[in-house]
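Student: I've got the model open and keep tripping over the labels. Can we go through what earns each one?

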Amino acid sequence: MGFSLTSTQVIFFIASVIVAGTVSGVFIAVTYDVTSSFSDRGERVQDQLDIEFKIINDPDSIPSSGRNYLFYLKNIGGVAIPTTNATFTVFVDGELIIVANYSFVDTSIQTEEVTTLNIDTDDISSGDHTLRIVGPQAIDDEFTFTI
Amino acid sequence: MGFSLIAASAIIGVAVLISLEIIVGTTVPTITDIHDSYDDMRVRAVEQLQTDVTITSSVWNNPNTILSVDNTGSTTINTSKCSILLNGVIQTFTSTVSYFHPEETAQFSFPTHANPGDIIKIITPNGIEDYYEA
């Protein structure tokens, strides 16, 4: 009877340790996941605050070279911006320009520097247009011009 | 039973402490970084409001066009980070000064002839612009 009582207590003890350990493990894992997501979200917010760019063309005189119109993008934010077709999306009059029809001269722009965006002349007819460039973290700039 | 309860409480207590350490160790640096970025953005916005330039003249002095620009704002401007467009085309230029203080005039030279009626545009490093008809 005495042995049974001790066994029962040992079983209760082991069971309580296993349950507490499991609950603790799950709690720590969930806390870690939530804080990691918070940290990732924080980095994205930081990028949104740091990234800023501006189209600096003269709206009445858009230069061209070969089969491209040239648009100048100035980095007026606080960090370098990667300028690739993957990080930027281009719209003319609300129409998405396909990736093959635009390109950047540089792969990134340092702060206060300028890069050139080439857009195929077939995508822009004569007349008034609105160019919208959407960069990393959906930071964008809009520019109305005349060809 | 009492000892089991104490052991389980101890394990959960340690887990809570570890979780708190994870939360504080991740949250505080994230909030600090966001605060720094927000502060930088505020400084940039204030500088944009305080920056202003005015092109006062453009003269062809063979082989360069000399552009005179007044700093009419209250910030110092790094001239090498300015951009100049002539009829929409970006120009390579030199300047008489590296840094352009408030109430000072800087001269920018670029090797393209600005004809009467041509439009010149200057853009400061933080995107403030001024136009001038040659």
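**Strands, core and helix**

Tutor: Let's start in chain B, where B:Ser83 sits opposite B:Ile123 of β9(B). Keep in mind that this is a predicted model.

Student: What makes β4(B) and β9(B) a pair?

Tutor: Two strands pair if there are at least two bridges between them. β4(B) and β9(B) are joined by four bridges and run antiparallel, so they pair under that rule.

Student: How do you know that β4(B) and β5(B) pair too?

Tutor: Apply the same cut-off of at least two bridges. Three bridges join β4(B) to β5(B), again antiparallel, and B:Ile84 stands opposite B:Gln91 in β5(B). These strands form a hairpin with two residues between them, and there B:Asn87 has a positive phi near 50 degrees.

Student: Which residues of β4(B) point one way and which the other, and are they buried or exposed?

Tutor: B:Ser83 and B:Leu85 point one way, B:Ile84 and B:Leu86 the other. All of these are buried.

Student: Which residues touch the most other members of the largest nonpolar core?

Tutor: B:Ile84 is one of them, along with A:Phe71, A:Leu73, A:Ile119, B:Val69, B:Phe108 and B:Ile122, in a core of 39 residues. In chain A, β3, β5 (89–92), β9 (114–120) and β10 (128–134) each supply at least two residues of this core, as do β2 (64–71), β4, β8 and β9 of chain B. The biggest giver is β3(A), with four residues. As background, nonpolar side chains in soluble globular proteins tend to be buried together.

Student: What does B:Phe108 contact, leaving aside its neighbours within four places in sequence?

Tutor: Its contacts are B:Leu67, B:Val69, B:Ile84, B:Phe93 and B:Ser95.

Student: There's another sheet label I wanted to ask about. Why do β1 (53–61) and β6 (94–95) of chain B stand at the edges?

Tutor: The order in this open sheet of four strands is β1-β2-β8-β6 (chain B), with antiparallel pairing. β1 and β6 of chain B each have a single partner strand, so one side of each has no neighbour in the sheet.

Student: How many bridges join β6(B) to β8 (residues 105–110) of chain B?

Tutor: Two, and the strands run antiparallel. The cut-off is at least two, so this count just meets it. Along this pair, B:Thr94 stands opposite B:Ser109 in β8(B).

Student: Now the helix. How do you know that the span of α1(B) agrees with its 49 residues?

Tutor: Set the two numbers side by side: at 1.5 Å a residue the expected span is 72 Å, and the end C-alpha atoms are 70 Å apart, so they agree. Among its residues, B:Ala8, B:Ile11 and B:Ser37 are buried.

Student: What does α1(B) give to the side of chain B that touches chain A?

Tutor: First, the contact itself: 35 residues come from chain B and 35 residues from chain A. α1(B) gives the largest share of chain B's side, 21 residues. By class, that side has 19 nonpolar, 11 polar and five charged residues.

Student: What splits chain B into domain 1 and domain 2?

Tutor: The split comes from a domain assignment, which gives domain 1 (1–50) and domain 2 (53–133). Their C-alpha centres lie 48 Å apart. The contact between them takes four residues from domain 1 and six residues from domain 2. On the domain 1 side there are no nonpolar, two polar and two charged residues.

Student: Where are the bounds in chain A?

Tutor: Chain A is divided into domain 1 (1–50) and domain 2 (53–146), with C-alpha centres 49 Å apart. That contact takes four residues from domain 1 and six residues from domain 2. Here the domain 1 side has no nonpolar, one polar and three charged residues.

Student: Last one: why is A:Arg67 called exposed?

Tutor: A residue counts as exposed with 12 or fewer C-beta neighbours within 10 Å. A:Arg67 has 11, so the label fits. A:Arg67 lies in the loop between β2 (64–65) and β3 (68–75) of chain A. Beyond residues up to four places away in sequence, A:Arg67 touches A:Asp120 and A:Thr121.

Methods. Residues are numbered from 1 along each chain as its sequence is written. Chains are lettered from A and ligands numbered from 1 in the order in which they are written. This is a predicted model: local features need pLDDT of at least 70, side-chain atom pairs count only at pLDDT 80 or more; totals for chains, interfaces and linings use all residues. A residue is buried if 20 or more other C-beta atoms lie within 10 Å of its own, exposed if 12 or fewer, and partly exposed in between; C-beta atoms are placed from the backbone. Two residues are in contact if their C-beta atoms, placed from the backbone, lie within 7 Å. Domain bounds come from an automatic or database domain assignment. Ala, Val, Leu, Ile, Met, Phe, Trp, Tyr, Cys and Pro count as nonpolar, Asp, Glu, Lys and Arg as charged, and the others, Gly among them, as polar. The expected span of a helix is 1.5 Å times one less than its number of residues. A nonpolar core is a set of buried Ala, Val, Leu, Ile, Met, Phe, Trp, Tyr and Cys residues joined through C-beta atoms within 7 Å.
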